[in-house]
Amino acid sequence: MGRAFQNRKESMAKTSDQKAKVYSKYGREIYVCAKSGGIDPNGNLALRSLIDRAKKDQVPTHVIDKALDKAKGGGGEDFDTARYEGFGPGNTMVIVDCLSDNPNRTFGDVRTCFNKVKCKIGSQGSVSHMFDHSAIFVFAGTDEEVVLDALMMADVDVTDIELEEGKVTVFAPHTDYNKAKTAIMEALGEIEFEVDEIQFVAQNMTEIEGDDVEQFDRFLDLLNDLDDVQRVYHNAEY
C-alpha cells in the first residue's frame, strides 16, 4: 500500500475562526464516539485514539471534557453519519465523511462544493470501491516480525505491514481495528502511535497538475469549511 494513506491533506488552523472549526469538528466526533461506545477511553479504544489525536492537534482540554460530559448526560443532538462520493478536479476520486443533524442540508452543502469546482457528486459506491477501508497504525519499531506474529495470534487479517526508517506501519481491515490495536499494545506495551485511525486508502493515485491543483485545493478548502464535514479522502497526487 505504500504511503497512500498520507494523501489526505491536513488543513492547518491559521486563524481563530479556523481553529474554532477544528475544535467543533473534534467535539462533535468525540461526543458521537463516546455516546455510541462509552465514555471510558480504556474501554472504548476508538475514543481513546480520537482524544489522543485531538490533543496532538492542540484541541483544548475543556473542549474534550465538554463533549464527554454531553455524552455522559445522554442528551444533546442526534448526529447521523453521512458519506458522499464523487469525482473532483482532474478526475480525482473523493470520499466525504460527515456527521449531521440535518442530512438534507448536509447533502446540499456538499453538492454545492462539487458544483463550485464544476464537478459532480456521485451515487453511493461510485468511487468507494476504489479505496480500501483500513485501520492504520504507525509507531516506532525495529522488528515487524514480532508485530506480525502478535497480530496473527490475535486472528487479525493483516493487509500489509512495513518497516521503514525505524517505524512500523500496519494496515488491517477497519473491522479489525480493536483487535489489531489491542494485539499491538499487548505485544509492545504502552507505545505512542504516530498514526492510529481508520481511513479510506486509495488503491491507485491520480496525478494532477496545472489548474487542476489550484481547483483541487479550493475544493478541499470549501469542503473543510463545512461544519458537518469531518474527513475528506481522495486519490489526488501533486
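Here are some exercises on this predicted model, each with a worked solution.

Residues are numbered from 1 along each chain as its sequence is written. Since we're dealing with a prediction, local features need pLDDT of at least 70 and side-chain atom pairs count only at pLDDT 80 or more, while totals for chains, interfaces and linings use all residues; side-chain values use heavy atoms, with hydrogens and water left out.

**Exercise 1. Aromatic pairs**

Task: Work out how the rings of F131 and F200 are arranged, then do likewise for F137 and Y177.

Solution:

Step 1. Get the rules straight. A pair of aromatic rings is described by the distance of the centres and the angle of the planes. Here, rings of Phe, Tyr and Trp (its six-membered ring) pair if their centres lie within 6.5 Å; planes under 30 degrees apart are stacked, over 60 edge-to-face, and the rest tilted. Searching the whole structure gives 10 aromatic pairs.

Step 2. Take F131 and F200: centre to centre they are 6.5 Å apart, with 85 degrees between the planes, and that's edge-to-face. The pair links distant parts of the chain, as F131 sits in strand β3 (residues 131-140) and F200 in strand β6 (residues 193-202), 69 residues apart. Helices (H or I, at least four residues) and strands (E, at least two) are DSSP runs, numbered from the N terminus.

Step 3. Check burial, where buried means under 20% relative accessible area, exposed over 50%, and partly exposed in between (1.4 Å probe, protein chains only). F131 comes out buried at 5%, and F200 is buried at 5%.

Step 4. Now F137 and Y177: their centres are 5.5 Å apart and the planes make 25 degrees, so this pair is stacked. F137 lies in strand β3 and Y177 in helix α6 (residues 177-188), so the pair ties together parts 40 residues apart in sequence. F137 is buried at 0% relative accessible area, and Y177 is buried at 6%.

Step 5. Look for a cluster: F114, F216, F219 and Y238 form one.

**Exercise 2. The faces of helix α5**

Task: Find which residues of α5 (residues 144-153) are buried, and say what they pack against.

Solution:

Step 1. List the buried ones: V147, A150 and L151.

Step 2. Ask how they're arranged. Looking down the axis of α5, the buried residues fall within an arc of 100 degrees, so they line one face of the helix. (The arc is that of the directions from the helix axis to the C-beta atoms.) The general background fits in here: an α-helix has 3.6 residues a turn, so residues three or four places apart point the same way.

Step 3. Find the partners, with contact meaning heavy atoms within 4.5 Å. The buried residues of α5 pack against β3, β4 (160-164), β5 (167-173) and α6.

Step 4. Turn to the other side: the face of α5 pointing away from its buried side carries the exposed M152 and M153.

Step 5. Check the ends. At the start of α5, a side-chain oxygen of D143 comes within 3.0 Å of the backbone nitrogen of E145. After α5 comes D155, with a positive phi near 65 degrees.

**Exercise 3. The surroundings of D97**

Task: Is D97 buried or exposed, and which side chain does its own side chain meet in a polar contact?

Solution:

Step 1. Place the residue: D97 is in strand β2 (residues 92-100). With a relative accessible area of 15%, D97 is buried.

Step 2. Find the polar partner. A polar contact is a pair of N or O atoms within 3.5 Å; within protein, one must be able to donate a hydrogen and the other to accept it, and residues adjacent in sequence count only if both atoms are side-chain atoms. The D97 side chain has such a contact with the side chain of R83, at 2.6 Å.

Step 3. Fill in the neighbours: setting aside residues up to four places away in sequence, D97 touches several residues, including F200, D228 and Y233.

**Exercise 4. Loop residues**

Task: Compare the settings of P89, N91 and K118.

Solution:

Step 1. P89 lies in the loop between β1 (80-88) and β2, and P89 is buried at 5% relative accessible area. Leaving aside neighbours within four places in sequence, its contacts include V117, I208 and F219.

Step 2. N91 is in the loop between β1 and β2, exposed at 57%, with a positive phi near 60 degrees.

Step 3. K118 is in the loop between α4 (103-116) and β3, exposed at 79%, with a positive phi of about 60 degrees. Most residues other than glycine have a negative phi.
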